[in-house]
Amino acid sequence: MMDYKITKTQFGETPTFDLPSPLFLKELGEEGVVKLFNDFYDLLTQSDIANFFPQEEEELEKVKAHNVKFFIEACGGPKHYSETMGHFDMIKAHEPFSITEKARTEWLGCMQEVLNTINISNEAKMSFWKYLETFSKHTVNVNTGIELPENIVKV
Ligand code: HEM
């Protein structure tokens with residue numbers, strides 16, 4: 001079992017982060033990333049944050065495709081995202097959605113579930129997880145001031 005630690009976001013922080021190790025894409029392959037995001041979106045659209053995502057299948061497929069391109073590029077693969085979409089602004093892209101720490105935790109939780117099903121080295125998995133865990137802090141744009149129970153967010 002992997003130790004997927006989630007640390008709390010200090011509201012407003014935009015921590016620096018490392019991109020995933022090239023091992024991740026090397027072991028999983030681009031097809032593997034496509035499958036990972038298909039499975040991830042299946043979980044997201046059943047989750048407590050399902051309402052953030054398009055209800056319409058065609059729109060959802062577009063968002064998924066953008067995510068796949070973005071993550072393949074972030075993992076050291078071809079630059080399909082920046083070549084077709086331009087620069088990605090993490091804060092701006094998520095601004096239309098009211099993302100609390102709890103929503104971020106839910107998003108990461110769905111990702112944990114999917115990562116548990118893929119068969120790659122722990123080293124590769126962990127480097128992807130660490131990237132997501134840190135970079136996802138940039139999306140939190142609503143401060144509820146509510147402390148989450150220790151069993152949900154481990155400090
Ligand atoms: C490291 C973490 C994350 C990365 C790199 C990331 C990246 C992205 C990218 C590339 C897109 C597609 C933008 C486009 O269409 O060009 C996107 C869309 C979106 N993300 Fe994230 N995201 C992250 C975390 C989160 C979290 C934590 C949430 C919510 C809890 C979230 C919610 C959304 C939503 C709702 C959309 C757009 C749906 C729409 O356009 O209708 N993301 N994200």
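Thr139 is found in the segment that comes after helix α6, and in this predicted model it makes a convenient place to start. With a relative accessible area of 8%, Thr139 is buried, because the cut-off for that word is anything under 20%. Setting aside residues up to four places away in sequence, Thr139 touches Met90, His94 and Ile99.

One of these partners, His94, leads us to the ligand. His94 lies in helix α4, which covers residues 90–94, and the NE2 atom of His94 is the single donor that the protein gives to the iron atom of the ligand, at a distance of 2.1 Å. Thr139, in the segment after α6, is therefore in contact with the very residue that supplies this donor to the iron.

From here we can step back to helix α6 itself. Helix α6 has 14 residues, and from its first C-alpha to its last it reaches 20 Å, which is close to the 20 Å expected at 1.5 Å a residue. Eleven of those 14 residues are buried, so α6 is largely enclosed by the rest of the structure. Among the buried residues of α6 are Met126, Phe128, Trp129, Tyr131 and Leu132, but Lys125 and Glu133 also belong to this group. What do the buried residues of α6 pack against? Their partners are α1, which runs over residues 22–44, together with α2, α4 and α5, the last of these covering residues 101–115.

The packing of α6 with α2 can be followed in some detail. Helix α2, residues 57–74, and helix α6, residues 122–135, pack at an angle of about 115°, and their axes are 12 Å apart. The crossing of these two helices is right-handed. On the α2 side the contact is made by Phe70, Phe71 and Ala74, while α6 contributes Phe128, Tyr131, Leu132 and Phe135. When the residues of this contact are sorted by character, seven are nonpolar, with no polar and no charged residues among them.

Helix α5 is another of the elements against which the buried residues of α6 pack. The end C-alpha atoms of α5 are 21 Å apart, and this agrees with the 21 Å that its 15 residues should span at 1.5 Å a residue. Helix α5 is mostly covered, since eleven of its 15 residues are buried, including Ala103, Arg104, Trp107, Leu108 and Met111. The buried residues of α5 pack against α1, α2 and α6.

Arg104 also connects this helix with the segment after α6, where Lys137 lies. Is Lys137 buried or exposed? At 10% relative accessibility, Lys137 counts as buried, and, leaving aside its neighbours within four places in sequence, Lys137 is in contact with Thr7, Lys8, Thr9, Glu13, Pro15 and Arg104. Gln10, which lies in the segment before α1, is 127 residues away from Lys137 along the chain, and yet the C-alpha atoms of the two are separated by 8.3 Å. Gln10 itself is exposed, with a relative accessible area of 57%, whereas Lys137 is buried.

The segment before α1 also holds Asp18. At 65% relative accessibility, Asp18 counts as exposed, because that word applies over 50%. Asp18 and Gly109 are 91 residues apart in sequence, and their C-alpha atoms are 20 Å apart in space.

Note on methods: Residues are numbered from 1 along each chain as its sequence is written. This is a predicted model: local features need pLDDT of at least 70, side-chain atom pairs count only at pLDDT 80 or more; totals for chains, interfaces and linings use all residues. Side-chain values use heavy atoms; hydrogens and water are left out. Axes are lines fitted to C-alpha atoms, for helices over the stretch in contact, and angles run from 0 to 180 degrees between N-to-C directions. Helices (H or I, at least four residues) and strands (E, at least two) are DSSP runs, numbered from the N terminus. A crossing is left-handed if the near helix is turned anticlockwise from the far one by less than a right angle, and right-handed if clockwise. Contact means heavy atoms within 4.5 Å. Ala, Val, Leu, Ile, Met, Phe, Trp, Tyr, Cys and Pro count as nonpolar, Asp, Glu, Lys and Arg as charged, and the others, Gly among them, as polar. Buried means under 20% relative accessible area, exposed over 50%, partly exposed in between (1.4 Å probe, protein chains only). Donors are N, O and S atoms within 2.8 Å of the metal (3.2 Å for Na, K and Ca); water is not among the atoms, so sites may look incomplete. The expected span of a helix is 1.5 Å times one less than its number of residues.
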